[in-house]
Amino acid sequence: MFLTDTHTHLYLEEFDADRDEMIKRAIEAGIRKFVLPNIDHCSLERMTAMHVAYPEHCLMMFGLHPCSVKENWEEELEYIINYSEKYPMAGVGEIGLDFYWDLTYKNQQFTALRKQLSWALEKNLPVSLHTRNAIDETIEIVKEFPGLKGVFHCFTGTMEQANKILQMENFYFGIGGVLTFKNSGLAEVLKHIPLERIVLETDAPYLAPVPFRGKRNEPAYLNYILNALENIYFMSKTDIVNTLQSTTKTIFNI
Ligand SMILES: [Zn+2]
């Protein structure tokens, strides 16, 4: 019985001091695979180095994060695409729309997203979608690409938004630490989402679950999310893990 952390930035410098021990802790806690999402050209070397160090455990997604979409996004994306050709690729990510921090490159974000969605479709790979203040817009764009599959990473939307995603056959909900936050409302929404449509993720080093909220997150903490799911789905831990793992296999082909 083991789990996959489907969205985790283990290559970031937050883990430089204890990366090997952190991986060991995760494996001992039953989390054996990690899907690493790229951010921009600066993160490529760190990410691929982790895959080289842990080829059995670390899978990679290549993509340009919406917060890194600037004036030169086309060059940046081309660099990432070329770079990716030397490596096994588990998905396109993380990509999406972020209208929370900065709206300067809103139009470029739309174009970069569309370009990366067609890249994923061409390669028959799943996408990991980052959306902030932009979930409805992201859903509309994804619908332009029938046949695409992927995950709405760190889903924290409303029931209405969840319903829209449920209607998209090959799309799933990435659930992490936010589920354990009081007042997030996510548990209420999850009650209406079949377990088969969920995958687990930490988004480490960010979004640590309670009781570590505000501290550095790491894959071993995925078990706190699992405990929270038990209280929503009233199934045995084994059945939950098996369901989650079979969905993860369907999406990422592992
Ligand atoms: Zn992320």
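A residue is taken as partly exposed when its relative accessible area falls between the limits for buried, under 20%, and exposed, over 50%. In the predicted model described here, Ala187 has a relative accessible area of 28% and is therefore partly exposed. Ala187 is placed in helix H7, which comprises residues 186-190. Apart from its neighbours within four places in sequence, Ala187 is in contact with Leu179 and Ile232. The C-alpha atom of Ala187 is separated by 29 Å from that of Glu14, and the two residues are 173 residues apart along the chain.

The zinc ion is bound by four protein donors, namely His7 through NE2, His9 through NE2, Glu94 through OE and Asp203 through OD, at distances of 2.1 to 2.5 Å. Along the chain, these donors follow the spacing H-x1-H-x84-E-x108-D. Distant parts of the chain are linked in this way, since His7 belongs to the loop between strand E1 (3-5) and helix H1 (19-28), whereas Asp203 belongs to the loop between strand E8 (198-200) and helix H8 (222-233), 196 residues apart. His7 is buried, with a relative accessible area of 0%, and Asp203 is likewise buried, at 9%. The angles among the 4 donor atoms run from 87 to 176 degrees, and the site is classed as irregular. Tetrahedral geometry is excluded because it would require all angles to lie between 85 and 135 degrees, a range that the upper value of 176 degrees does not meet.

Two cis peptide bonds can be described alongside the zinc site. One joins Gly93 to the zinc donor Glu94, with omega of about -10 degrees, and Glu94 itself is found in strand E4. The other runs from Ala204 to Pro205, with omega near 10 degrees, and Pro205 is found in the loop between E8 and H8.

Empty space was examined next. The largest pocket has a volume of about 590 Å³, and of the 23 residues that line this pocket, His130, Thr131, Arg132, Cys154 and Leu207 are the closest to its centre. Strands E4 (91-98) and E5 (127-132) each supply at least two residues of the pocket lining, with E5 giving the most, at 3 residues. The structure also holds 1 cavity of 30 Å³ or more, and the largest cavity has a volume of about 50 Å³. Among the residues lining this cavity are Cys154, Phe155, Leu186, Glu201, Thr202, Asp203 and Leu207. Cys154 and Leu207 thus appear in the lining of the cavity as well as in that of the largest pocket, and the zinc donor Asp203 also lines the cavity.

Helix H9 (residues 237-252) contains 16 residues, which at 1.5 Å a residue should span 22 Å, in agreement with the 22 Å between its end C-alpha atoms. The buried residues of H9 include Ile240, Val241, Leu244, Ile251 and Phe252, together with the polar residues Thr243, Gln245, Thr247 and Thr248. Just after H9, Asn253 takes a positive phi of about 60 degrees.

Positive phi values are also found at two other asparagines. Asn124 has phi near 55 degrees and is found in the loop between helix H4 (106-123) and E5, where its relative accessible area of 58% marks Asn124 as exposed. For Asn183, phi is near 70 degrees; Asn183 lies in the loop between strand E7 (171-175) and H7, and counts as exposed at 79% relative accessibility.

Note on methods:
Residues are numbered from 1 along each chain as its sequence is written. This is a predicted model: local features need pLDDT of at least 70, side-chain atom pairs count only at pLDDT 80 or more; totals for chains, interfaces and linings use all residues. Side-chain values use heavy atoms; hydrogens and water are left out. Donors are N, O and S atoms within 2.8 Å of the metal (3.2 Å for Na, K and Ca); water is not among the atoms, so sites may look incomplete. Four donors count as tetrahedral if all angles lie between 85 and 135 degrees; four count as square planar and six as octahedral if opposite donors are over 155 degrees apart and all others between 65 and 115; anything else is irregular. Helices (H or I, at least four residues) and strands (E, at least two) are DSSP runs, numbered from the N terminus. Buried means under 20% relative accessible area, exposed over 50%, partly exposed in between (1.4 Å probe, protein chains only). The expected span of a helix is 1.5 Å times one less than its number of residues. Contact means heavy atoms within 4.5 Å. On a 1 Å grid over the protein atoms alone, a cavity is a set of points where a 1.4 Å probe fits but cannot get out, and a pocket is an open set with protein on both sides within 12 Å along at least five of seven lines; lining residues have an atom within 4 Å of a point. Grid points are joined across faces, edges and corners, and a volume is the space filled by probe spheres set on the points.
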